Amino acid sequence: MEFLVCISKAPDTTTRIAFTEGDTRFNEEGVQFIVNPYDEWYALVRALELVEAGGGKVVIAAVGGADCDPILRKALAIGAHEAVRIDAQPEDAMQVAAEIAAYAKGQSFDAILCGKETIDHNGSAVPAMIAEHLDVPCIALCTSLNYEGDKAIMTRETAHGIEKVGVSGPFVLSAAKGMAEQRIPNMRGIMAARTKPLQVVPASGATAGTRIDRFALPPEKAGVKLVDADNPSELVRLLREEAKVI
Amino acid sequence: MKCIAFIQTKGGQASKASLEAAGFAAGIGETIAVVSGVLNGDGGLGAVGVGRVLQGPADLDDGQLGRLVSAAANQEEAHVVVCAQDHLGKAIAGRVSVRLNAGLIAGVTEPPQGDNYTRNVFSGKATAQVKGATDKLVITTTPNAIGLPAAGSGTASVEAFNADLGERKVEVLEAAAPSTGGRAPLPEAELVVSAGRGLKGPENWGIIEDLADAVGATTACSRPVSDIGWRPHHEHVGQTGIAIRPNLYIAIGISGAIQHLAGVNGSKVIVVINKDPEAPFFKAADYGIVGDAFDVVPKLTEAFKAL
Ligand SMILES: Cc1cc2nc3c(=O)[nH]c(=O)nc-3n(C[C@H](O)[C@H](O)[C@H](O)COP(=O)(O)OP(=O)(O)OC[C@H]3O[C@@H](n4cnc5c(N)ncnc54)[C@H](O)[C@@H]3O)c2cc1C
Ligand SMILES: Nc1ncnc2c1ncn2[C@@H]1O[C@H](COP(=O)(O)O)[C@@H](O)[C@H]1O
């Protein structure tokens with residue numbers, strides 16, 4: 001099996017978000033970057049498990065500048081075999097997906113695994129877009145992936161619960177919690193990652209379909225109103241009469 | 001501006017998240033809804049401002065739905081396609097965006113201001129104003145963010161619709177087994193009762209379930225609680241779990257780490273119950289009780305039942 005895992009760079013989850021240039025840009029100063037958790041913990045690890053069990057390789061791809069290289073090295077340290085960086089500064093999901101699809105079209109991957117969303121853009125948009133470009137199914141919010149012969153068997157979350165589906169032929173999935181367990185890279189992996197191939201390929205020139213005008217921080221809370229532990233009915237009254245939520 | 005709204009139905013009725021999406025579209029311009037499969041009457045769509053419904057065939061997979069919605073947009077010469085940012089929306093919207101070469105603004109949380117759309121970014125730690133850069137646009141609306149328009153008295157007309165949908169490629173082997181025990185799914189829930197490591201063990205969740213039943217809420221949990229297997233994965237809320245925006249979020253025995261807050265701070269009202277008055281969650285709360293959950297929660301349940 002050959003898997004392509006789409007890896008994005010995300011600010012560490014403890015980052016306090018701030019903006020610069022008149023609130024038009026994310027302030028990256030002092031920010032630690034990580035592999036987007038869904039891409040790393042679930043998509044990448046599940047692909048590695050399947051290849052360890054049945055042979056093949058895991059290629060990781062990111063659309064971004066040289067600032068993505070440390071993230072790709074981290075994913076190589078976890079066990080990916082090869083990395084590809086598509087050299088562009090993507091502005092939105094449309095651009096990312098078109099670049100990944102353009103790269104994947106020339107290859108023969110059995111499946112393309114994405115995370116369910118990036119924790120900075122929260123679009124959950126890229127996977128279905130890649131699938132449409134390649135005219136293959138997209139299993140969104142996938143919680144398990146196994147093979148029975150050539151057929152991929154997956155479970156996914158739907159509005160009504162958990163559904164089991166099968167796909168023959170290539171597909172894209174977006175990975176949600178449950179698919180695999182996080183792996184911590186060991187020393188051997190980190191050493192090996194230094195010499196694994198990281199290929200930089202030129203972008204195809206795809207453009208974005210949206211642009212961000214301005215960022216804002218949510219309004220501060222007015223402050224908590226404390227209710228005595230012995231008088232929970234007062235809380236119920238406040239929720240009904242003051243907050244009007246019940 | 002003409003809009004297409006893609007509607008998910010259950011038992012012939014439009015889902016609440018889809019009605020919100022349709023109402024949002026109707027606020028932008030003349031809206032034509034697209035459904036796949038059975039519809040009872042107009043499925044409730046006329047009341048939110050939809051004039052016509054295009055009814056496509058049933059049992060389509062994501063690729064076919066993408067084609068159906070795109071074909072409807074082409075036929076109607078619509079410039080905006082709207083659907084809910086729910087499970088299905090996440091599988092469809094990107095496909096329509098590519099087919100129509102339309103920019104996608106995902107997870108919009110407010111009615112548009114001119115051509116500016118507001119959405120959450122950084123897992124709810126910030127918002128962004130986004131504009132389309134293409135002639136056409138696809139927009140998904142975050143469930144329970146925008147709400148329903150005041151119900152009108154209109155009825156939508158329903159016409160059969162079909163297009164070249166290609167073949168089905170995803171085989172459903174087992175239909176969805178409910179995971180939330182009849183309660184509203186978390187992303188759409190209006191009321192949520194959530195608990196964390198302060199509960200000490202899975203055997204203590206009875207008081208949480210009782211409170212959730214009394215409130216009519218869906219249950220959720222912090223990440224460590226689902227990681228250790230006290231609760232199922234799909235209950236995990238936060239930056240790396242599900243992002244929710246209920247009207248009421250009651251957090252019990254949860255410290256309020258930044259990653260937890262990121263997924264829940266869109267809640268309209270937050271109640272925190274924690275025995276530690278210094279717990280960071282109180283800073284993000286509207287109401288709080290400092291006390292032992294094992295003592296406070298059963299009393300609170302009684303107080304809700306007394307309503
Ligand atoms: C990359 C990353 C991503 C993460 N993503 C998420 C996420 O998506 N969601 C998430 O929730 N966490 C996430 N976390 C974990 C997060 O940092 C916290 O560790 C976690 O939220 C803490 O869970 P908790 O509040 O249940 O437990 P604790 O931090 O242990 O807090 C327990 C709380 O219960 C209180 N308590 C104890 N006993 C009682 C009692 N008898 N009655 C009342 N109160 C009591 C304590 O005072 C304390 O405040 C993430 C962490 C990382 C590193
Ligand atoms: N710049 C990028 N390079 C590679 N993959 C990406 C990039 N951005 C997003 N992805 C993939 O698409 C998924 C969903 O992203 P999004 O649509 O932004 O929420 C992520 O979890 C990644 O797997």
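**Figure 1. Chain B and chain A bury about 7,000 Å² between them in this predicted model.** Carbon and sulfur atoms account for 59% of that buried area. If you would like to trace the contact residue by residue, 82 residues of chain B touch 79 residues of chain A. Ten salt bridges are counted between the two chains. The largest share of the chain B side, eight residues, is supplied by helix α3 of chain B, residues 87-100. Sorted by class, the side of chain B that touches chain A has 38 nonpolar, 26 polar and 18 charged residues.

**Figure 2. A salt bridge joins K131(B) to D213(A).** Here the two side chains meet with an N to O distance of 2.9 Å. Please keep the wider setting in mind while looking at this pair: the interface of chain B and chain A also holds 39 residue pairs in polar contact, with both partners at pLDDT 80 or more.

**Figure 3. A strand of chain A pairs with a strand of chain B.** Strand β15 of chain A (residues 225-226) and strand β17 of chain B (residues 287-290) run in the parallel sense, with two bridges between them. A good place to start is K225(A), whose bridge partner in β17(B) is Y287(B). Now follow the sheet onward: six strands form an open, parallel sheet in the order β15(A)-β17(B)-β16(B)-β15(B)-β13(B)-β14(B). The edges are taken by β15 of chain A and β14 (218-221) of chain B, each with a single partner strand, so one side of each is left without a neighbour in the sheet. As a reminder for this view, strands of a sheet pair through backbone hydrogen bonds, either parallel or antiparallel.

**Figure 4. Ligand 1 sits in a site shared between chains.** The site is described this way because residues from chains A and B surround ligand 1. There are 28 surrounding residues, and the closest are S222(B), T240(B), S255(B), Q259(B) and H260(B). Several backbone atoms are worth finding here. A polar backbone atom of V237(B) lies 2.9 Å from a nitrogen atom of ligand 1. For Q239(B), a polar backbone atom is 3.0 Å from an oxygen atom of the ligand. With G241(B), the distance from a backbone N or O atom to an oxygen atom of ligand 1 is 3.5 Å.

**Figure 5. Ligand 2 has 19 residues around it.** Those that come nearest are C6(A), D39(A), T118(A), S124(A) and A125(A). Look next for the polar atoms beside the ligand. N36(A) places a polar side-chain atom 3.3 Å from an oxygen atom of ligand 2. The backbone takes part as well: a backbone N or O atom of G115(A) is 2.9 Å from an oxygen atom of the ligand, and a polar backbone atom of V126(A) is 2.9 Å from an oxygen atom of ligand 2.

**Figure 6. Strand β5 of chain B pairs with β4 and with β11.** Five bridges link β5 (residues 52-56) to β4 (residues 31-36) of chain B in the parallel sense. Within this pairing, V35(B) stands opposite Q55(B). Strand β11 of chain B (residues 157-160) also runs parallel to β5(B), and four bridges join the two. There you can find L54(B) opposite E159(B). When following the side chains in this view, recall that in a regular strand they alternate between the two faces of the sheet.

Conventions:
Residues numbered from 1 in each chain as written. Chains lettered and ligands numbered in written order. Predicted model: local features only at pLDDT ≥ 70, side-chain atom pairs only at ≥ 80, totals over all residues. Heavy atoms only, no water. Contact = heavy atoms within 4.5 Å. Buried area = accessible area lost by both parts, 1.4 Å probe. Salt bridge = Lys/Arg side-chain N within 4 Å of Asp/Glu carboxyl O. Polar contact = N/O pair within 3.5 Å; in protein donor to acceptor, adjacent residues only side chain to side chain. Nonpolar A, V, L, I, M, F, W, Y, C, P; charged D, E, K, R; others polar. Pairing = 2+ DSSP bridges. Near = heavy atom within 4 Å.
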